[in-house]
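Work through these exercises with the sequence and the model side by side. Try each task before reading its solution.

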Amino acid sequence: MRKWAFIWLALLLVVITGCSQEAGTGVSGPSTIQKVIDRKKLVIGTSSGYFPFEMKDKDGKFVGYDMDLGTAIANALKVEVEFKDYSDFGGLIPALQTGDIDMVISGMTIRGDRALAVSFSDPYYSSGQVVMVPKKDTSTQSWKDLDQPGKKIAVGQGTTGALLAKQLFKNAQVMDFDGFTNAALAVKQAQADALIFDEPGIRVFEVMNKDSVRGVYEVLSSENLGIALPLNDQATIQWVNSFLASYRNGLDDQASINKWFKSNEWVNQVQQQ
């Protein structure tokens, strides 16, 4: 009897252990971080044109704050890094879900609806949404001044700015454009009366186009940017969060912040918007 009881307990332990591993990892097979190490290559999805996070220099090389972060992750893993560019920001999460990329570093705001499809790292940058208007508009001081019939508000499709604008504006028309650059150009070319987007992107676009546009720096909402990872890949989430805990505000991160956010010296070295 004691023998059978021992066998039964052993089988139960195997079942419990198996269930715990399943619940703990949420995925079957090797984690994404292990696959990256094995293949010696990290593939990061991004959507260039979001200054100063992800851009291309005049030689076509990816540069920016997010590129520095992605490169630092690859260096920590001792693997090479490849950045895959998606002109449609909305295509990043599907690409992560199908395994075309290992993670997304693209100024992506941590949101509940997105977290149903992917897992997010801890925040690596905090930002806010602001308004940009044509330079000739000298009267707008708040988004409320723009919420009038006949006004057109440009947004990048799938961005947090688009979601926020559709919640705020009850009378003005909100117009979706393919990415930040096209939405910003719509304001510059007088096809729209304003743009809602992240503050860093607006500040850089204003510097580059100071005769055409101006920013209205009333912060409409604050938000955190995170690295999007495969859903419930706990080993990868834990590794990335551990990396961020040591990287954020360290020497390399400070150097990157000083270069991209506190200086404009790089503006003439990148492909213009």
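**Exercise 1. Find what the covered side of helix α9 packs against, and say where that side lies.**

Solution. Start with the partners: the buried residues of α9 pack against β2, β3 (62-63), α3 (65-77) and α8 (234-247). Contact here means heavy atoms within 4.5 Å. Helices (H or I, at least four residues) and strands (E, at least two) are DSSP runs, numbered from the N terminus. This is a predicted model: local features need pLDDT of at least 70, side-chain atom pairs count only at pLDDT 80 or more, and totals for chains, interfaces and linings use all residues. Residues are numbered from 1 along each chain as its sequence is written, and side-chain values use heavy atoms, with hydrogens and water left out.

Next, name the residues. D253, S256, I257 and W260 are the buried residues of α9. They cover an arc of only 100 degrees around the axis, which puts them on the same side of α9. The arc is that of the directions from the helix axis to the C-beta atoms. Recall the helix geometry: an α-helix has 3.6 residues a turn, so residues three or four places apart point the same way.

Buried means under 20% relative accessible area, exposed over 50%, and partly exposed in between (1.4 Å probe, protein chains only).

**Exercise 2. Lay out the five-stranded sheet in order and identify its edges.**

Solution. The sheet is open, with the order β9-β8-β10-β7-β11 and mixed pairing. Two strands pair if DSSP finds at least two bridges between them. Now the edges: β9 (173-177) and β11 each have a single partner strand, so one side of each is left without a neighbour in the sheet. From one strand to the next, the twist averages 25 degrees. Axes are lines fitted to C-alpha atoms, for helices over the stretch in contact, and angles run from 0 to 180 degrees between N-to-C directions.

Then check the pairings.

- β8 (residues 152-156) and β9 are parallel, joined over five bridges. G156 stands opposite F177 in β9.
- β7 and β10 (residues 194-198) run antiparallel, with four bridges.
- β7 and β11 (residues 213-225) run antiparallel, with nine bridges. G128 stands opposite S222 in β11.

**Exercise 3. Take Q129 in strand β7 and describe its surroundings.**

Solution. Begin with the strand. β7 spans residues 125-134, and nine of its ten residues are buried. Q129 lies in this strand, β7. At 0% relative accessibility, Q129 counts as buried. Its bridge partner in β10 is D198.

Finish with the contacts. Neighbours within four places in sequence are left aside; Q129 then touches residues including T160, G161, L164, I196, F197 and E218.

**Exercise 4. Classify two ring pairs of F53, and say which parts of the chain they link.**

Solution. Rings of Phe, Tyr and Trp (its six-membered ring) pair if their centres lie within 6.5 Å; planes under 30 degrees apart count as stacked, over 60 as edge-to-face and the rest as tilted. This rule gives 17 aromatic pairs.

First pair: the rings of F53 and Y125 have centres 5.3 Å apart and planes at 85 degrees, so the pair is edge-to-face. F53 sits in the loop between β1 (41-46) and β2 (55-56), and Y125 in strand β7, 72 residues apart. F53 is buried, at a relative accessible area of 0%. Y125 is also buried, at 18%.

Second pair: the rings of F53 and F261 have centres 5.3 Å apart and planes at 70 degrees, so this pair is edge-to-face too. F53 lies in the loop between β1 and β2 and F261 in helix α9 (residues 251-261), so the pair ties together parts that are 208 residues apart in sequence. F261 is partly exposed, at 24% relative accessibility.

Now widen the view. Ring pairs link a cluster of Y50, F53, Y65, Y124, Y125, F180, F197, F205 and F261.

**Exercise 5. Place I101 and list what it touches.**

Solution. I101 is in the loop between α4 (92-97) and β5 (103-104). At 3% relative accessibility, I101 counts as buried. Not counting residues up to four places away in sequence, I101 touches V43, I44, G45, K84, Y86, L92, A95 and L96.
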